[in-house]
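Welcome, and take a moment to turn the structure around before reading on. The paragraphs below will lead you through it one place after another.

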Amino acid sequence: GPFDGLITPGDALYMPFDLHYSGAVSLASDRRMIDGYSLGCVLFNLLTGQSYIKIIASELHPDHTPFRFNGLWTGSYSAIKAYVDSAHSKALVLVQDELRKLGVPDLFIDEIFVTLEQLLNTDPARRGHPRNRKVGISPCDMERYVSQFEHLITRAMIQGL
């Protein structure tokens, strides 16, 4: 693809926020982690009409924002992760609020929330599906998420949503 030659391939608005800071987890460990995070960004955008990454960046003080987003932070991600965690929590509440406005039942909201929390987790070591980690496959292997989405769609159709 057009971004493959870059240090961090892909569009900056869909790559893990931690990769915008120094001390980021090596991409060589599992490139699917980026795919899973990107899926979470797309889902967030579909549900809210807004960019997850832009919301996170806008919630941070410029002193804690990476250069890529016109910030001043030059230190490691781990040193400011608590601030990113707070911005992340606010962003996920936005999803819940949007879904409630649409009249989506709480059961669906809860499942979508858990899925977004897994895909967009601010801790790279906790990102992805925990069951995948237990059986030794990539936490962001898409098959489990495809199944989850198919299950949600089937339940919504049964309930007439």
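**A walk through the model**

Leu39 is partly exposed, since its relative accessible area is 25%. Keep in mind as you look that this is a predicted model. You will find Leu39 in helix H1. Now look across to Tyr145: in sequence Leu39 and Tyr145 are 106 residues apart, yet their C-alpha atoms are 9.6 Å apart in space.

Stay with helix H1 a little longer, because its residues 32-48 include Leu46. How exposed is Leu46? With a relative accessibility of 67%, Leu46 counts as exposed, as the cut-off for that word is over 50%. On the surface, Leu46 joins Tyr14 and Val42 in a nonpolar patch. Together these three residues offer about 290 Å² of accessible area.

Next, let us turn to the open spaces. The largest pocket has a volume of about 300 Å³. Its lining is made up of 13 residues, and those nearest the centre of the pocket are Phe108, Ile112, Leu152, Ile153 and Ala156. Which elements give two or more residues to this lining? They are H1, helix H4 (106-119) and helix H6 (142-158). H6 gives the most, with four residues. Sorted by class, the lining of the largest pocket holds 12 nonpolar residues, one polar residue and no charged ones.

There is an enclosed space to visit as well. Searching the whole structure for cavities of 30 Å³ or more turns up one. The volume of the largest cavity is about 40 Å³. Among the residues that line it are Phe17, Tyr37, Tyr52, Tyr77 and Val84, and also Asp18 and Arg127. What classes of residue make up the lining of the largest cavity? Six are nonpolar, two are polar and two are charged.

Our last stop is the charged side chains. Side chains of opposite charge can pair when their charged atoms come close. How many salt bridges does a search of the whole structure find? The search finds six, and three of them can be followed here.

Begin with Lys90 and Glu59, which form a salt bridge whose closest N and O atoms are 3.3 Å apart. This pair links distant parts of the chain, 31 residues apart: Lys90 sits in helix H3 (residues 77-101), while Glu59 belongs to helix H2 (residues 52-59). Lys90 has a relative accessible area of 48%, so Lys90 is partly exposed. Glu59 is partly exposed too, at 38%.

Helix H3 also holds a pair of its own, Glu98 and Lys101. In their salt bridge, the closest N and O atoms are 3.4 Å apart. Why are Glu98 and Lys101 separated by about one helical turn? The reason is that they are three residues apart in the helix. Lys101 counts as exposed because its relative accessibility is 65%.

Finally, find Asp106 and Arg100, where a salt bridge brings the closest N and O atoms to 3.6 Å apart. Asp106 is partly exposed, with 45% relative accessible area, and Arg100 is partly exposed with 43%.

Technical notes
Residues numbered from 1 in each chain as written. Predicted model: local features only at pLDDT ≥ 70, side-chain atom pairs only at ≥ 80, totals over all residues. Heavy atoms only, no water. 1 Å grid on protein atoms, 1.4 Å probe; cavity = no way out; pocket = protein on both sides within 12 Å on 5 of 7 lines; lining within 4 Å. Points joined across faces, edges and corners; volume = space filled by probe spheres on them. Nonpolar A, V, L, I, M, F, W, Y, C, P; charged D, E, K, R; others polar. Patch = residues over 30% accessible without salt bridge, like charges linked within 9 Å, V, L, I, M, F, W, Y side chains within 5 Å. Areas by Shrake-Rupley, 256 points an atom, 1.4 Å probe, with all protein chains shown as cover. Salt bridge = Lys/Arg side-chain N within 4 Å of Asp/Glu carboxyl O. Buried < 20%, exposed > 50% of the residue type's maximum accessible area, 1.4 Å probe, protein only.
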